[in-house]
Structure formats: structure tokens, C-alpha cells
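Student: I have a structure open and would like to go through it with you. Could you take my questions as they come?
Tutor: Certainly; please show it.

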Amino acid sequence: MISPVLADALARHRERYNARFAFARRLNRRLDPEVFSRILRERVDPVIRAIHETEPAAVEPATAALYDLSLELLSADCLGPSSRYPLVDEVWRRALPALADRLAVAPRRLAAALSNAAYHLSLEPRVRGTLWLDSLLALAAQCPGVDSLLELGQVLAWRCGLAHLRTSALGVWQSLPAELQFAAVGVPRWQGRMTPEELADRLRYPWPNLENPAAEPHLAIMARVGGFRGFGGKFVTRPAVRTADGCLYAHDGECCWTIHADCFGATLQRFGPDPPPERSAPTDAATLSRRGEMVWNGRRGNFPLLREWTSRAVAGPTLAVAVARSYWIHIVAVVGGDGA
Amino acid sequence: MSTMDRFQQLSEAPTNPPAETGRREFDVADLYQGPASAATEAKAAAGVALDEKLRQAYFWITNHGIISPYYDIEYNDTPPPVYRFGDRKVEVTLPSAQSYSSYVLLPLLNLVTRRRCLLVGGPGRGKTAIAIIMGVLSGYSLREIKRSIQHGQPQMTIADLLGNPLPATLVSAQSMDEVKIAWRKWLGMRIKIIDEYNRIPTRTQSALLTVMADNYAEMYDQIYECPAAAWYLTANDEAGGGTYQVIEALRDRIDVVVQALHFNTRFLHELLLRVEEGFRPEEIVPEQIVFTGEELSRMEAAARRVRLPQDLRRRLEFFASNFEFFEPAARQMEYMTKDTVKLAGVEFGTLAQTETGKDAGIDLGRQTLNGLSVRALMTSLVFVKAMAWFRGATEVSFEDLRQILPFVLYDKLVQYADAPFFEQEGHAAYRSDRVSWLRMLFDRSCQEFERLNLDREDALDPLDAQFEAGLDGVNEKEVRRRLTRIERTLNEWSQGRKLYGHMFDDILKLKYYHQRYTNYLRWLLWKK
């Protein structure tokens, strides 16, 4: 049973809502009225009830927005039992009722934005979607408006692993209030008595040691990306890496990706069928022996995983290495300091 | 693309975006784009171009709203394949560029230009439905639109149309200006729909005329100023039939006429789906294609800014000059117009028979009973600009002009159905197919324009340029030289050539220049 609040709101525009469902079903014959009824009951109703408690006048527009949006997401298999994106469902189950006060202001915009963010986070294999949602809900009280809440969500998505958003997310991060700046990147304010300016300085370098800023910079394998497509990865054959225009690329003979990595995560983003031409021979100061011994920027490291490497590429402080017997690309970096 | 994408995210714009290849600059804002379409306010903030939004509206209506699988406004960027059918060799072309359905496009252009569109066609063709969709696109709820429709009927009074005096003030008023009027709500709306306007009694039509023509309503000496609005009128019979004859002034205020085409029976399954699933397109117009009042104003201003190149303006001038001239109407050239005949109440056909010897293929004016009014020309300019703007262009193209003119002139250029032209083989159909007739007139006018080489050698061009430069500092000698040139041109033209409509306007313009220079010369001599 749905609550009287939602029932009334639906009844007021019954024809419109029925027509919307009929039209959606016309375009997608798989739409099951039973499943949609369950979504209305289990996901939309709690949100509408929460909105009714904070802003009764917003119930009607919020019902219209959430009805359409849930129908759209169900049609796209992003919500409901056949969804491959459980984080989207988590957003509807946990986040939307908890954010009712802000949802009352811009129901469609906020619900669509958070659903889309959950969808993108679900697409990347090693991204910590649950951490994103937990952090968002924990820090939401510090964001009075819809815009500030969405900005926080963007920064958190970067922190939870969407490394390709680093440059623009860093710009958004700088506009957050100081307290939120620390919390958004998971650094307690008291740690090392770091000022916001110092934190900003550290974050400009992709591989800061935020947990132990005083530690000596060192070489480390920080992430791996790719994997065999048959096991849910990206590559159909073992990949090779290269650098062009200051950017790292991976290609497997069928497709080319850009590699994005920093201290929060690593992602591959589709570039096109072919890699860009290498303008000149790669010149980097790193040496890597066939036994996995590396010397880079005066620092040494021994990485058995990188034995029998087949290609390597450097972009700034990040080194990507492809090896002979793996579909993974390993990301090596100088962690801590400013990379010098 | 998922099915809901198709429903909510609307169609791609006709100008295909370049293929996305190569390295992208990732923007954190992309996080919030995805399978769930963003809200209207977010789209607005993203700055979707208005012409793009209008195209999206067009494609949504043609794909989901109105079953109008026709492409009668044809554009080609390469020669299109042509197929001929039957004894009469009926031509069907497959346009090579994006083409449009007039039944959807013209009402949308009317929304942009905020003019008056008449939708004609038999009952049940969806005339009112498209008008209602235009209302929803203008930001009104379905309920508001339905309540605002004025349904023409024989008992409709002026009070039904405009409003009522409040009884209390009517009793207590000492003078007319103390009477308060409860104006009808539709008068204040940005969309005005008059259903079956040819069923409105003549007296009420006159009240409607004031609102349509002058944008205000008047009752008991009280005035209600209406906002700028797009009008949609419907009629089953645009030829003046219906319960009441439509007064000519009202007909003249119609800016564009669109005919609802027949229902293509191959699309019966679409109707079946609508019946079975109870879906009505006007109830599900996506929010992303709904325009605010401010956006409608900006669209109108943007369309007006589209440039009309001079060579196209000249072709339009040449085309329009064909129709008003009527040699048998008078002795003095200025009065040789069809208007003179009409004002005199003389039978047009009788006089028309006295015109002989002119090439019927060139003398296009013989096919009409009137010429083009200033209003008709201004409306033509407004709509061709809107058409170019809709297509994302900054200036009008030849094809914009050619495609739009028939819909604007549909009611403006009255056909002389007894003209010998229509008796010729294969021409009888032009009597009923006015869009093709008007397009044929424009095509023939352009052929003549090119045959006369007027796009390169127009005798008036240098004279226009000289006159536009102004008379300041022009001395006596130069004035006399210009007068001589005008006289020489007129003399050349008078040597044994037939007098056609385009020459009529040219000769009168030369006379105008001659008079202006003569007066200026007299002033120069007096100053000495």
C-alpha cells in the first residue's frame, strides 16, 4: 500500500500519469506495471512522505518529477529488479528520503543528478560507490543548498575513484568551504595541523601521501587498470601503453583508451579505435630492468610484478607499465612529496 | 539508445554534430549526465540554443505527437531521385536534405513569429490537436489550454468572446468608464486558439477582428490590452464556407494557412496503439521542449535578425511585382491596378478579355485577381526569416523563400480561376492545389528574372545606389546627367516592348526618381 500522501498526489493527475506510463510502455514493451507499482511503493513513496514532512507544498511537483524519473530509469534498466546498477537503487532507497528538504526545492534535478552519478560510479570497476554514498549522506548537512550538495557529490566521486575527473573536480573542490574541503578528500582537519592552502598544494600533485605527509617519498605500484574482457575487464589482447601529448594511452589492437590515475584511483576512458601517433621517442628518466628493478627520479624500487615488461609510458609523475603475461596495466608513481 | 531516451531526450538536431573522436576533456559536470534526463531548469542552465530546442520540438511532434508522415517542404543538397507514376506522370521526389512536414513546421514557425495561423482541413484531421500542442509548448497546462479555446458556434456573442460587465458596477455606474468588465482569461494568454472560426456570427467576428488585428479588446469603453500572442484558427472549409461567411478583413489578418493532409492508412497501427493504451500526445509533451514566455520573445527577436541577402530580396520584389498591374484598368499608369477594378466594381473577367498579345507564360499577373498587399509582403519576410532561423542559418536561402511563400500567400493571392492558363493541358489541378500553383508562380518568376539577366544587369541598380547615397553635394550638372539617364532608360523600354507587371513597378520608380531629381534641381537653381 502506498501512503495517502502519494495516493492523493497521483489521483490528482491520474490521467496524466496513466498516459505517461502507457506511452513509456508503447516504447518499451518489457515495462511491467507490477514492477513499476513496486518501485512507486518502495522507492518513491518513502521519498514523498519525507518531503511531505518537510515541505507539504512540494509534494505535487516532487511526485510528478519522481514518477517520470523512476519510469525513465526503470525503462533504461537502471532501477528495478533487472538493474545492473545497485548503487542507483541505493540512492533511491537511502539518499533521496534523507535529502527530502533539498529534494523539495529541485526534485527532478537533484534526483536525476544523483541517479546519474550512481550510474557512472557503477560503470567503473574499482570505484568505491558505497563510500561515495556514505560520505555524501554524512556530509550533506554541511551543504545547505542543492548546488553545494551537487558540488560535494562531484568531489566525492573523484575521491572515490573517478580519476579522469581530477582536473575539473579539483577546481570544484577549491570552491568548497574549508571544513568540507578536508572532509571531502578524507583528511581529518587535525591531522598534521595542515592548513587549507597546504592541503591544496599537496592535492595539486597527483600522488600525495595524505595519510602520512611527513613520510619519505618512495616508488610504489599504486593501481592497476584494464584486465581481460572475458573476466569483465577492458582488453581483448594483452595491451601496450604509450604517451602522446602528455597523456597516457593503452591499446589492445581493437581499441584505444586514455589512462587516468592519481592517489584516489585509476580509470580507462575510451579514446577511439587507434592510438594517437607518438610524436617523438619516449624520453623518461626511469629505468626498469627485466627483473623489475626500477630507478626513477633518484629513487629505487623492486617490483617483481613488472618483470618481463613489454611497454611502458610516462606522463608527469605517473608511469604505466604493461607486462608480458597479464592483461593488467600497472601504475607506478613517486608517492609523497611533490614528486621531485 | 534506450526506449526512454527516445521518449525523454528528444531527437537529434537536424544539423548533425561532428563525430566524437579523439581525446576528450573530462568535465566533472558529466557526472550528472546520464540515463536520467536532467530537469528543465538544468537544461535551461546548460544553455540549449533556442533554435535547437525548436527543432527538438519539431522532431518530437513528428515522431510522437501528430501522425503526419509527409515531407512536403523539400530541401535538397544534391539532385534528388525523381519517380513518375501513372498516365499523368505524377512526380515523386526523394529529398536529399532534411525536409519537413508543413503541417507541423508552419504552426511552429507561427509560434516563433507570433502571427496568425489558419489550419484547414476536413473534420478529425488533428487541426485542434496541433493547436493544443502549440499551447502546451508555450508553457500552459493542458487544462488551461482546453479552457481557453474559443469554439466558434452560431450563437456566440461578443460577451462570450470577450467577457461580461460586472452586474454590480453596471447598476451603480454613473458613467461608462465606471463599468468594470470581467475579461475572458484567454485574452491574456500567449496562445490564442479559435476553433472553427467560420462558425462565428458576423457581428462577433468584428469583435474578434479588433483583437486579432489591433491586439486589444473593447467593451463599454473599457480597453483590454492583450499580450503578443501566436494565434491558431481552425476551419473545415477555408474557402469562406461554414455557418457564416468570414468577413474579408478577418481573412486578411490570417498570416499563414496550413492544410491538414489526409490520414495515411498505412499508419493505422499508430491509431490502434493510441486506442489500446489510452495515450494522448498532448499530455506527455516533454518539459525540455516547453518554452517560457521570455524564450518565446527571444526566439521572435532572433528570427527577425536573420539576414535576407539582397539578391533574394530582388527576386521577391520581382515576383511580387507581377500581380498588381492590370493594364486595362485605367488610362493613367498609376491606376493600372487590380485594386482600381475592384474599387470600381467592374467585372474583372470582362476587362481581362481585352488583354491580348502578352506571353501567358511570362504574364503571371493574369492568373490572379489581386496583387500582394504590404501586409502580405511583411508576413512573407517574417516567415522566411523564421524558416531560415529554424534551420540554424543566419541568412535566408533561396529554398527557404521558395518553400515558405506558398503557405503565406495561400489566402493572399486570389486565383483567377477563369484565366486561360488553367485551361491548358495539365494546369487544371492548379485550381485546387494552391501550394503547387504558388510555387509554380515563384519558379516561373525566377526563370524570367534569370532570362532578363536581372541578377547581373538591373537597370535600376546604379540609380538606386546613387539615390541611396543621398543628394547632399550633388551639383546641377550631375542632376541633369541623372535625369537624362532616367529618360534614356524609359525611352529604351518604350520601344515596342509589351508592358508586364515588373516593368510597371520599375517605370513608376523611375518616374519617382525623376520627380525627386527635378524638385532638387529646381531647388538648386533657386538657391543660385
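Student: Why does the end-to-end distance of helix 13 of chain B agree with the expected span?
Tutor: Helix 13 covers residues 310-321 of chain B, and its twelve residues at 1.5 Å a residue should span 16 Å; the end C-alpha atoms are 16 Å apart, so the two agree. The expected span is 1.5 Å times one less than the number of residues. Helices are DSSP runs of H or I with at least four residues and strands are runs of E with at least two, numbered from the N terminus.

Student: What conventions apply to the model?
Tutor: The model is predicted: local features need pLDDT of at least 70 and side-chain atom pairs count only at pLDDT 80 or more, while totals for chains, interfaces and linings use all residues. Residues are numbered from 1 along each chain as its sequence is written, chains are lettered from A and ligands numbered from 1 in the order in which they are written, and side-chain values use heavy atoms, with hydrogens and water left out.

Student: Which residues of helix 13 of chain B are buried?
Tutor: They are B:Leu312, B:Arg314, B:Arg315, B:Leu316, B:Phe318, B:Phe319, B:Ala320 and B:Ser321. Buried means under 20% relative accessible area, exposed over 50%, and partly exposed in between, with a 1.4 Å probe and protein chains only.

Student: And what do they pack against?
Tutor: The buried residues of helix 13 pack against helix 16 (374-390), helix 17 (398-409), helix 18 (434-451) and helix 21 (501-527) of chain B.

Student: Let us take helix 16 of chain B, then. Is it enclosed or not, and why?
Tutor: Helix 16 of chain B is largely enclosed by the rest of the structure, because twelve of its 17 residues are buried. Among them are B:Thr379, B:Phe383, B:Lys385, B:Trp389 and B:Phe390. The buried residues of this helix pack against helix 3 (50-65), helix 4 (102-113), strand 11 (256-259), helix 12 (293-304) and helix 17 of chain B.

Student: How far does helix 16 of chain B reach, and what comes just after it?
Tutor: From first C-alpha to last, helix 16 reaches 24 Å, close to the 24 Å expected. Just after the helix, B:Gly392 takes a positive phi of about 85°.

Student: Which residues touch the most other members of the largest nonpolar core?
Tutor: Of its 127 residues, these are B:Ile61, B:Leu108, B:Leu137, B:Tyr197 and B:Tyr232. Helix 16 of chain B gives the most to this core, with nine residues. Another core, of 90 residues, lies apart from it and includes A:Leu66 and A:Val146. A nonpolar core is a set of buried Ala, Val, Leu, Ile, Met, Phe, Trp, Tyr and Cys residues joined through side-chain atoms within 4.5 Å.

Student: What is B:Tyr232 in contact with?
Tutor: Leaving aside neighbours within four places in sequence, its contacts (heavy atoms within 4.5 Å) include B:Pro107, B:Cys117, B:Met134 and B:Ile193. B:Cys117 counts as buried, because its relative accessibility is 0%.

Student: How many disulfides does the structure hold?
Tutor: Over all chains there are zero disulfides, a disulfide being a pair of cysteine sulfur atoms within 2.5 Å.

Student: Changing topic: how do the two chains meet?
Tutor: In the interface, 47 residues of chain A are in contact with 36 residues of chain B. The chains bury about 3600 Å² between them, 62% of it on carbon and sulfur atoms. In chain A, A:Phe23, A:Arg26 and A:Glu72 lose the most area to chain B, together 19% of what that side buries. Buried area is the accessible area (1.4 Å probe) that two parts lose on being put together, summed over both.

Student: And the chains on their own?
Tutor: Chain A has twelve helices and eleven strands, and 57% of its 340 residues count as buried. Chain B has 21 helices and eleven strands, with buried residues making up 49% of its 528 residues.

Student: Last one: is B:Leu161 buried or exposed?
Tutor: B:Leu161 counts as buried, because its relative accessibility is 0%. The residue lies in helix 7 (residues 158-162) of chain B. B:Leu161 and B:Ala207 are 46 residues apart in sequence and 8.1 Å apart in space, C-alpha to C-alpha.
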